[in-house]
Amino acid sequence: MKLIKYGKVFSTQLLAKKIKNPRTWLVLLAKEQVAGYGRKGAVWFSPKGGLYFSIILPKSKIEDLQTLTILAAFVVAKMVKENFNLEPLIKLPNDIFISGKKIAGILTENVVGKDVKLSVIGIGLNTNIEKFPKDLENIATSLKIELGKRVNNEKILKEIIKGLKEQLKTISE
Amino acid sequence: MKLKLKIKGKEYEIEISESKEGEVKINVGGKEFVFGKDEEKEKVLIAKPTFPKRDFSKKEIKAPITGVISEIFVKEGYYVKKNQKLLLLSAMKMENEIVSDFEGRVEKILIKKDQKVKGGETLIVLR
């Protein structure tokens, strides 16, 4: 796995899509995003403390990518449950909630011509976010808020990527 | 049979006909060339074409997967380059940027924003 760390970026998804001939499983990690986004351009609140990354996926069949997006939610939820003893709820296919509040979102973007030219999966996980703005505090939460302590972002990142690789191997076989 | 050919911006009117004697007449821009079955009445020097082979058939952009068209970035008449982003197709919460596999002019857009499409359905025709 090759990891590129950024400080403040517009969006790791945008960065990933701009790289020419990116290598598979390249991970772009940002400390902060000023224009993090989800589906249909919905804003993803991305202050310092959270875990925001995009991964260049291997070129796969579009049906497999569809499955992988769903499996990514399971990978993230499993990691949260097993490491932090929390009860995550997956809102299929790509949002994860804890206590009725959103803690993670997943977005897969493909560039498709005759075949899939590029696939990028972006994951935003609210890890060490201490406080949300008023308009989000009733609908969003973080591991820090739920656990009352900080978590290790890099360890979580590695575990998610390991899980994704395993899942993709399974569905591509 | 009459046809028009555009080569490097210059238009050529070509008429092909066959006489009763079985000769083939080809008229290019008023200049006539007559070909018999085994002979040529006027030798025509034809330079080895250097321009690339062009495909005049329809170029269709199809939906790779069933979903909803969430954005259209081109209009009919637009000239698009290869790999240019044409539209956004949302499917199972994946966003798919559909890019052109061809270079050409957008002849027909067969879909509208927010329209549901099936995998394999033709979305845009280029020429």
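The exercises below work through a predicted model with two chains, A and B, and each task is followed by a stepwise solution.

**Exercise 1. Describe the fold of chain A: which elements does chain A have, and in what order do they run from the N terminus?**

Step 1. Begin with the inventory, which for chain A comes to four helices and seven strands.

Step 2. Place these elements in sequence order, which from the N terminus on reads β-α-β-β-α-β-β-β-β-α-α.

Step 3. Turn to overall dimensions: the radius of gyration of chain A is 15 Å, close to the 16 Å that the globule rule gives for 173 residues, so chain A is as compact as a globular protein of that length. Along its principal axes, the C-alpha trace of chain A spans about 45 × 30 × 30 Å.

Step 4. Add burial and contact range. Of the 173 residues of chain A, 37% count as buried, and among contacts between residues at least 6 apart in the sequence of chain A, 61% join residues at least 24 apart.

**Exercise 2. Work out how strand 6 of chain A is set among its neighbours in chain A: in which sense do strand 6 and strand 7 pair, and over how many bridges?**

Step 1. Start with the surroundings of strand 6 of chain A, which is mostly covered, as ten of its twelve residues are buried.

Step 2. Take the pairing with strand 5 (residues 95–98) of chain A, which is antiparallel and runs over four bridges. Within this pair, Ile96(A) stands opposite Ala104(A) of strand 6. The two strands form a hairpin with two residues between them, in which Ser99(A) takes a positive phi near 50°.

Step 3. Take the pairing with strand 7 (residues 116–125) of chain A, which is likewise in the antiparallel sense and extends over nine bridges. Here Val112(A) has Val116(A) of strand 7 as its bridge partner, and the hairpin formed by strand 6 and strand 7 has three residues between the strands.

Step 4. As background to these pairings, strands of a sheet pair through backbone hydrogen bonds, either parallel or antiparallel.

**Exercise 3. Find the residues at the centre of the contacts in the nonpolar core: which members of the largest core touch the most other members?**

Step 1. The largest nonpolar core has 54 residues, and those touching the most other members are Ala72(A), Val76(A), Ile123(A) and Ile160(A).

Step 2. Ask which element gives the most to this core; the answer is helix 2 of chain A, with ten residues.

Step 3. Follow one member through its contacts. Leaving aside residues up to four places away in sequence, Val76(A) touches Ile96(A), Ala104(A), Ile123(A), Leu125(A) and Ile160(A). Two of these partners have already appeared, since Ile96(A) and Ala104(A) stand opposite each other in the pairing of strand 5 and strand 6 of chain A.

Step 4. For context, nonpolar side chains in soluble globular proteins tend to be buried together.

**Exercise 4. Characterise the contact between the chains: how many residues of chain A are in contact with chain B?**

Step 1. Count both sides: 17 residues of chain A are in contact with 15 residues of chain B.

Step 2. Assign the chain A side to its elements. Helix 2 (62–84) and strand 6 (101–112) of chain A each supply at least two residues, and the largest share, six residues, comes from strand 6.

Step 3. Sort the chain A side by residue type, which gives six nonpolar, six polar and five charged residues.

Step 4. Examine the strand pairing across the chains: strand 6 of chain A pairs with strand 9 (residues 94–99) of chain B in the parallel sense over five bridges. Thr108(A) has Met94(B) as its bridge partner, while Val112(A) stands opposite Ile98(B).

**Exercise 5. Describe chain B and its four-stranded open sheet: what is the strand order, and which strands stand at the edges?**

Step 1. The secondary structure of chain B comes to zero helices and twelve strands. Of its 127 residues, 19% count as buried, and among contacts between residues at least 6 apart in the sequence of chain B, 43% join residues at least 24 apart.

Step 2. An open sheet of four strands in chain B has the order 1-2-3-4, with antiparallel pairing. Strand 1 (2–7) and strand 4 (31–35) stand at the edges with a single partner strand each, so one side of each is left without a neighbour in the sheet. Neighbouring strands of this sheet are turned against each other by 25° on average, direction ignored.

Step 3. Inside the sheet, strand 2 (residues 10–18) and strand 3 (residues 24–28) of chain B pair in the antiparallel sense over five bridges, and Ile16(B) has Ile26(B) of strand 3 as its bridge partner.

Methods:
Residues numbered from 1 in each chain as written. Chains lettered and ligands numbered in written order. Predicted model: local features only at pLDDT ≥ 70, side-chain atom pairs only at ≥ 80, totals over all residues. Rg over C-alpha atoms; globule rule 2.2 N^0.38 Å. Buried ≥ 20, exposed ≤ 12 C-beta atoms within 10 Å, placed from the backbone. Contact = placed C-beta atoms within 7 Å. Nonpolar A, V, L, I, M, F, W, Y, C, P; charged D, E, K, R; others polar. Pairing = 2+ DSSP bridges. Core = buried A, V, L, I, M, F, W, Y, C linked by C-beta atoms within 7 Å. Axes fitted to C-alpha atoms, helices over the stretch in contact; angles between N-to-C directions.
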